[in-house]
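Student: Could you take me closely through one part of this structure, the strands and how they are paired with one another? I would like a connected account rather than a list.

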Amino acid sequence: MILEMVRANGAVSLRELARVVQTSEVTVRRDVRALEAEGLLDRRHGGAVLPGGFTRESGFPQKSHLATAEKTAIADLAASFVEEGEAIVVGAGTTTQELARRLARVPGLTVVTNSLLVAQALAHANRVEVVMTGGTLRGSNYALVGSGAEQSLQGLRVSRAFISGSGLTAERGLSTSNMLSASVDRALVQAAAEVVVLADHTKLGTDTMFQTVPTDLITRLVTDEPPGHDDRAGTELQALADQGVQIAVAGASENPGGDRVPARQQQRRDVALPGPRRGQVQGTAPGLRTAAVLGEQTPATERARVADLRRR
């Protein structure tokens with residue numbers, strides 16, 4: 001009941017929770033503390049709020065227990081977009097950590113990262129070269145931040161950036177709750193010709209304090225299938241697609257025995273774009289989509305996109 005009220009209202013006072021649940025504020029405070037330990041909500045003076053939003057950033061222990069099945073499915077699908085011999089950047093986060101574990105099997109890969117967790121996941125991958133940024137260690141998410149991290153990314157150019165965050169909306173794009181993390185994520189994005197955002201459905205429609213990637217720079221979103229009752233996530237997905245973001249939906253399917261289905265057997269659905277997007281030819285006949293729309297960009301399209309990014 002407490003969690004449902006917080007989800008419905010965004011923020012609820014302990015007094016109101018106690019009135020609705022018909023118990024004491026002492027009991028409600030204890031229950032809120034237990035839900036916070038699980039990463040399901042944040043305590044505030046006299047009340048409780050949803051995690052994220054315009055609030056402090058949750059720590060790694062809380063984040064690591066949220067939407068674990070969804071993050072695994074997203075990581076499986078995101079890894080399928082990485083090719084042998086590529087040079088990519090991978091930002092900090094629990095979802096990108098899951099992605100890194102799968103990238104260990106991609107030969108000839110070069111991964112630039114500011115995340116100690118990503119680097120650790122790839123530490124024993126013989127055929128993957130890991131390049132770490134400089135910077136100051138931020139203990140809450142095991143990431144390197146600050147001017148040292150940003151300066152080490154100057155002059156870097158890679159094919160793709162895989163970035164996560166605290167919230168994603170069609171209006172502002174990807175955002176996070178920490179200014180230092182946001183600044184480094186922006187530097188990572190500027191080094192890439194293509195930006196892939198990894199975000200489970202719980203982050204869709206959530207707006208946090210610091211913008212990292214505006215919507216028009218997001219090439220693809222890799223997410224999971226929102227529950228049927230989650231109208232906010234479904235509406236946000238449609239709005240992102242309307243703005244030209246390619247949507248790839250991963251399914252976290254399991255067989256009757258409870259074992260996870262291999263990535264190649266999981267659901268993969270690229271949502272068609274309803275309007276012109278970067279690199280799409282105006283006036284294309286109905287039912288036809290360019291290679292850029294399908295995610296297989298032509299060399300000319302890629303050159304035009306890189307030039308556009310540099311002008312920005």
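Tutor: Isoleucine 163 has valine 197, in β12, as its bridge partner, and this is a convenient place to enter what is a predicted model. The strand β9 (residues 158-163) is joined to β12 by five bridges, and the two run parallel. Valine 197 also stands opposite leucine 221 in β14, and the pairing of β12 with strand β14 (residues 220-224) is likewise in the parallel sense, over three bridges. As for its surroundings, seven of the seven residues of β12 (residues 192-198) are buried, that is, under 20% relative accessible area, so this strand is largely enclosed by the rest of the structure.

Another group of strands is paired in the antiparallel sense, forming an open sheet of three strands in the order β10-β11-β13. Because β10 (167-169) and β13 (210-213) stand at the edges, each with a single partner strand, one side of each is left without a neighbour in the sheet. Direction ignored, neighbouring strands of this sheet are turned by 40° against each other on average. Within the sheet, strand β11 (residues 173-176) pairs with β13 over three bridges, in the antiparallel sense, and serine 175 stands opposite glutamine 211 in β13. Across β11 and β13 lies helix α9 (residues 179-190), which runs at about 20° to β13. As a general point for reading both arrangements, strands of a sheet pair through backbone hydrogen bonds, either parallel or antiparallel.

Key: Residues are numbered from 1 along each chain as its sequence is written. This is a predicted model: local features need pLDDT of at least 70, side-chain atom pairs count only at pLDDT 80 or more; totals for chains, interfaces and linings use all residues. Side-chain values use heavy atoms; hydrogens and water are left out. Two strands pair if DSSP finds at least two bridges between them. Helices (H or I, at least four residues) and strands (E, at least two) are DSSP runs, numbered from the N terminus. Axes are lines fitted to C-alpha atoms, for helices over the stretch in contact, and angles run from 0 to 180 degrees between N-to-C directions. Contact means heavy atoms within 4.5 Å. Buried means under 20% relative accessible area, exposed over 50%, partly exposed in between (1.4 Å probe, protein chains only).
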